[in-house]
Amino acid sequence: MSVYTKESVSASLYEKIDAIIIVDAKEDSYKTIKKSGLFENLIEAKGTYQKLVEKLWFHLKDESTKIAEDYHIFIPMVGKFKGKYVDRVKLKYQDKIHLVQISIYPLDEVCNKYMFILDELDNSEYLREFLTDKKVDTIQSSFLFSMYVDLIKDQAYSINVTEMTNSPQNYDVKYSVWRLMIVNMIWPEDQKLFMERTDPEYLKRNLESGRTTSFDCQMKNLNGVFIWVKLIFSRAKTTNEDDFRFVFMVQNIHESSLKLFDALKEYEELASKDPLTSIFNHGRIETEMNNSIETFNSKGKPVSYLMIDIDHFKTVNDRFGHSAGDMVLKQFVNVIVDFIKDYDIRIGRWGGEEFVLVCYDMDIEKSELFSKSLKDRITGESFEKIGKLTCSIGLTEVKKDDNAQVVFDRIDKAMYEAKSSGRNCIVIE
């Protein structure tokens with residue numbers, strides 16, 4: 001066996017290692033002692049340590065896509081190491097993925113000085129890593145982030161961002177600090193809920209040993225795009241009631257949430273629409289009336305209301321049958337819907353052949369002119385099987401201290417006065 005000395009071993013290692021970098025995290029600088037192969041062009045001779053950390057860790061794994069700027073606030077934390085540390089990262093260079101092993105040795109932990117040794121692993125190692133990642137991704141593809149939390153010590157550690165790497169990062173941070181940093185990644189309208197549900201005292205009060213709690217919100221992913229996620233807290237099950245240790249996870253539920261919202265919207269529309277005419281039903285147009293009154297009270301913008309009744313509709317049903325009557329109702333609604341398309345107006349079927357229109361930004365003078373034009377349009381329409389028909393219209397506007405019942409009573413009274421006055425006319429109340 002050959003005799004090896006410290007010098008010969010050192011020389012052999014230096015020759016075989018792909019890159020050696022000396023880092024001064026405190027001064028935010030690094031200097032490359034050696035670089036070869038992949039690192040010849042990938043790593044600069046010297047530069048800022050923050051840029052080095054960004055290059056090695058702050059990109060999506062298997063991609064060169066940089067992580068959104070908001071997440072760069074965590075770079076200083078990632079760049080501080082306790083003791084020796086080894087990690088494997090994937091770097092994309094010239095459209096090829098390279099598996100790199102990073103070995104980090106502390107030179108002066110007090111001053112945060114380290115020696116980085118970088119080696120590109122061979123293809124067989126990359127294949128094993130790829131197959132392992134694929135299995136992990138199959139199991140944990142929906143989990144974007146996880147960490148361990150000790151509320152008593154106010155500490156978060158074993159932090160793992162799965163879009164960056166499958167390995168936990170070798171840094172820790174105070175949980176209270178983490179909350180204040182991560183809240184900016186939460187959708188503004190969800191930030192209050194996030195701060196409430198992640199508050200240590202809230203978790204202590206509301207989560208018993210061995211139990212899990214979660215809530216949904218929107219959060220920026222590493223690309224800087226807001227997606228729907230489920231934030232999960234699972235408290236460790238121990239016999240010590242004062243032991244408040246948690247596993248915290250962020251689960252990607254974006255696709256399933258969008259499908260759920262689409263389904264809910266579909267059912268909401270079905271529940272809000274009249275099945276025959278596809279406009280708002282009685283309950284939904286009544287809600288619109290209430291909402292319009294609240295808008296008037298808060299913003300002072302004028303709102304007026306029309307109640308329209310088809311004249312002699314009973315005769316249509318008696319003479320031509322209910323099937324023809326349904327066709328008339330559909331055509332009648334289509335005429336109105338087409339007429340109001342350029343206005344801020346909501347229409348609903350109040351019942352039978354009666355319809356209500358909520359007309360935003362229309363005072364009584366404007367709505368009277370509008371009503372006359374609409375009535376003329378209806379009078380000029382030729383309805384299938386029956387020919388011509390007319391309508392009676394009751395008209396009012398919202399006034400101070402009105403409520404929905406008062407408004408309805410006025411337009412209902414106006415509409416019946418129009419019918420009792422010979423029909424085919426407009427009455428203002």
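Two strands are taken to pair if DSSP finds at least two bridges between them; strands themselves are DSSP runs of E with at least two residues, and helices are runs of H or I with at least four, all numbered from the N terminus. The model described here is predicted, so local features need pLDDT of at least 70 and side-chain atom pairs count only at pLDDT 80 or more, while totals for chains, interfaces and linings use all residues. Residues are numbered from 1 along each chain as its sequence is written, and side-chain values use heavy atoms, leaving out hydrogens and water.

A good place to start is strand β13, which spans residues 303-310. On one side, β13 runs antiparallel to strand β16 (residues 391-397), joined to it by seven bridges; within this pairing, Met307 stands opposite Gly394 of β16. Strand β15 (residues 354-360) also pairs with β13 in the antiparallel sense, over seven bridges, and there Ile308 has Phe355 as its bridge partner.Eight of the eight residues of β13 are buried, where buried means under 20% relative accessible area, exposed over 50%, and partly exposed in between (1.4 Å probe, protein chains only). This cover extends to both faces of the strand: Val303, Tyr305, Met307 and Asp309 are buried on one side, and Ser304, Leu306, Ile308 and Ile310 on the other.

Turning to the cysteines, the structure holds zero disulfides, a disulfide being a pair of cysteine sulfur atoms within 2.5 Å. Cys391 is in no disulfide, and the nearest cysteine sulfur, belonging to Cys425, is 9.5 Å away. Cys391 counts as buried because its relative accessibility is 0%. Cys217 is likewise classed as buried, because its relative accessibility is 0%.
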